[in-house]
Amino acid sequence: MKSSFDFRRFLSVLVALLLVVTLVCATGCSLFEKSKDRDKDDDEKEDKADEDEGDADFIDGIGGVSETYKGSVSNESYNSAEDAAMAFVEVEVAGDSYVSSINVTSEGELSNKEIEKLDLPQDVQEGMVSVEKLEVEYSLEDESLCANGIVELSADKTDKLDKTKKVTVYVIKYEYDWKYFTPAPITGDTITKSYYDSVFNAEQYKNCTFSNTSMVKAKMTGSGEGETFNTTMETTVTQLIKHADNKIYMEQTIKSVMDGETDTQILYAYMEEVNGEVVCYVKTDANGDWYEGDLYTIGFSSIEELTPFYNQYLDYTYFTKTNYGFALEDENAEQYMNEALSGMSGLGGMFEGMNMDIDMFAEYYVSQGVLSGIRMDADINMSMSEGGVSMKIEETVTGNTTCTDYGTTVVEKPFEE
């Protein structure tokens, strides 16, 4: 009797989803729950010193790493130093968490020598009257544990509450108002929203070359209704996308090998904006002809979706500053993968009842203040037994992304009309 559970289809869908997850590292949305205590002791930071340096060959390939962010003041103005300090925690530190309590203590105004040590950018100093140092004590809680502003303290959820923390905040007094100052993050610390936003400023990616290679290798064994199943699958996606002068050129190849059977899909696309309208041409064979299509033909609904790191927003509090940029690692990375898979719409409870063991990291490389590369690696083991069906899946997921040639990328129409 043939099992009603289609193992091959399940594996194909899962592999496709995991490839999407590798791209979410470059084009993602907020997928996290707060569950990790991000405090690190000195021994842990020392053990991670080598990891903070990144991959030397990858760094050479993108032309080195460097930061331009020197700190910034808040866009909003506040009526007092205390209000500005509280806003710093809520905007720059809390992320998607709920700030349940906050207490501000002033440690006085800084002397001229102390202000000089802050190395404030020149534009920040314009109109500055004084700088005050404040200590803010605060508590964060997972928003998912709060209902109508009331914290649920059930026994199985209390471990998700963050303990009370303290942070030093520098507030600048201008003639009529106050603004908080966000310094450049220090290696080993959680990055701030202002730093994160500076890296993903969309204006910086209007002229560049984006390349990505993502791969999933999977092995699945299963049984159900008297049938056993053994299969392997390897899928690789490569992309090249060039942006310049309101024109985009894209090449994409998807190659899948399942149990020795190979399937390859190739797509070429060229887009340009003409009189406010996007004109799109595609072809599906290297030697084929170009024909006019639309963005839906290549799986997108707007030209903005092809922008590198489109809609990039992962909760910044899950990133740790490194010497090469920042990283998503340890429990944060594992939480990311779990949430990425379970949070995708239209899966119909596909992962309910499944046990997952994930070991993952994602490294984000910054060059001249922009994101120039991402390395992602994950080992995933899954098992499930339900309704007479049992299965075990072992997978490796890798993704390498580069975004280079800022300001020098050229896009030319690849055909003559």
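**Strands and sheets in a predicted model**

In this structure, 11 strands make up an open sheet with antiparallel pairing, and their order across the sheet is 13-12-11-10-9-8-18-17-16-15-14. At the two edges lie strand 13 (291-293) and strand 14 (320-321), each of which pairs on one side only. The model is a predicted one, and the secondary structure of its protein chain amounts to 8 helices and 18 strands.

**Within the open sheet**

- Strand 15 (residues 325-328) and strand 16 (residues 355-367) run antiparallel and are joined by 4 bridges.
- Along this pairing, F326 has Y364 of strand 16 standing opposite.

**Around strand 6**

- Strand 6 (residues 165-173) runs antiparallel to strand 3 (residues 130-141), and 9 bridges join the two; here K133 stands opposite Y170 in strand 6.
- Strand 6 also runs antiparallel to strand 7 (residues 178-182), to which 4 bridges join it, and in this pairing V171 faces Y180 of strand 7 from the opposite position.
- The connection from strand 6 to strand 7 is a hairpin, which passes through 4 residues.
- In a regular strand, side chains alternate between the two faces of the sheet.

**The chain as a whole**

- The protein chain has 417 residues, of which 46% count as buried.
- Among the contacts in the protein chain with a separation of 6 or more, 71% are accounted for by residues 24 or more positions apart.
- The area that the protein chain exposes comes to about 21000 Å², with carbon and sulfur atoms supplying 43% of it.

Methods:
Residues numbered from 1 in each chain as written. Predicted model: local features only at pLDDT ≥ 70, side-chain atom pairs only at ≥ 80, totals over all residues. Heavy atoms only, no water. Pairing = 2+ DSSP bridges. Buried < 20%, exposed > 50% of the residue type's maximum accessible area, 1.4 Å probe, protein only. Contact = heavy atoms within 4.5 Å. Areas by Shrake-Rupley, 256 points an atom, 1.4 Å probe, with all protein chains shown as cover.
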